[in-house]
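User: I have a chain open on my screen and would like to go through it with you. Can we take it piece by piece?
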Amino acid sequence: KAVFEIQDKYYVYVVEDNRARMKSFVPNNRIFDSYIVESGLKPGEMVVYEGLQKLRDSMMIIPKHIVLDSLSKATTLNFNKQPGE
């Protein structure tokens, strides 16, 4: 949900001083709905997850923190389980 593409480049909005800032990044790989970032984003940067269609660069926002683990549990697959387990 957070990633969008413009002319073959990948972007997200990050939160800086309660403003949404559009930032490009280079993905290394994609696993389900998640990206492994090669460059362009720093550990700990807050990424806007929802509401991208209404955002513009430098727009003032009121961010709500979510825990990524609560989202990833919904898409986690266990490949070691056999059908019926």
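User: To start, where is the place of V26?
Analyst: V26 has its place in strand β3, where strands are DSSP runs of E with at least two residues, helices are runs of H or I with at least four residues, and both are numbered from the N terminus. Please keep in mind that this is a predicted model, in which local features need pLDDT of at least 70 and side-chain atom pairs count only at pLDDT 80 or more, while totals for chains, interfaces and linings use all residues. Residues are numbered from 1 along each chain as its sequence is written, and side-chain values use heavy atoms, with hydrogens and water left out.

User: What is V26 in contact with, leaving aside neighbours within four places in sequence?
Analyst: With those neighbours left aside, V26 is in contact (heavy atoms within 4.5 Å) with V37, E38 and S39. The C-alpha atoms of V26 and E38 are separated by 5.4 Å, and the two residues lie 12 residues apart along the chain.

User: And is V26 buried or exposed?
Analyst: Neither, because its relative accessible area of 38% makes V26 partly exposed; buried means under 20%, exposed over 50%, and partly exposed in between, with a 1.4 Å probe and protein chains only.

User: Switching to the rings, how many aromatic pairs are there?
Analyst: The structure holds 5 aromatic pairs, counting rings of Phe, Tyr and Trp (its six-membered ring) whose centres lie within 6.5 Å, with planes under 30 degrees apart taken as stacked, over 60 as edge-to-face and the rest as tilted. One of them joins Y10 and F25, which form a tilted pair at 6.1 Å centre to centre with 50° between the planes. This pair links distant parts of the chain, since Y10 sits in strand β2 (residues 9-16) and F25 in strand β3 (residues 19-31), 15 residues apart.

User: How accessible are Y10 and F25?
Analyst: Y10 counts as partly exposed at 26% relative accessibility, whereas F25 is buried, with a relative accessible area of 6%.

User: Which residues make up the largest nonpolar core?
Analyst: That core has 9 residues in all, namely F4, Y11, Y13, V15, A20, V48, L52, L55 and I61, a nonpolar core being a set of buried Ala, Val, Leu, Ile, Met, Phe, Trp, Tyr and Cys residues joined through side-chain atoms within 4.5 Å. Strand β2 gives the largest share of this core, 3 residues. F4, Y11 and Y13 also form one aromatic cluster.
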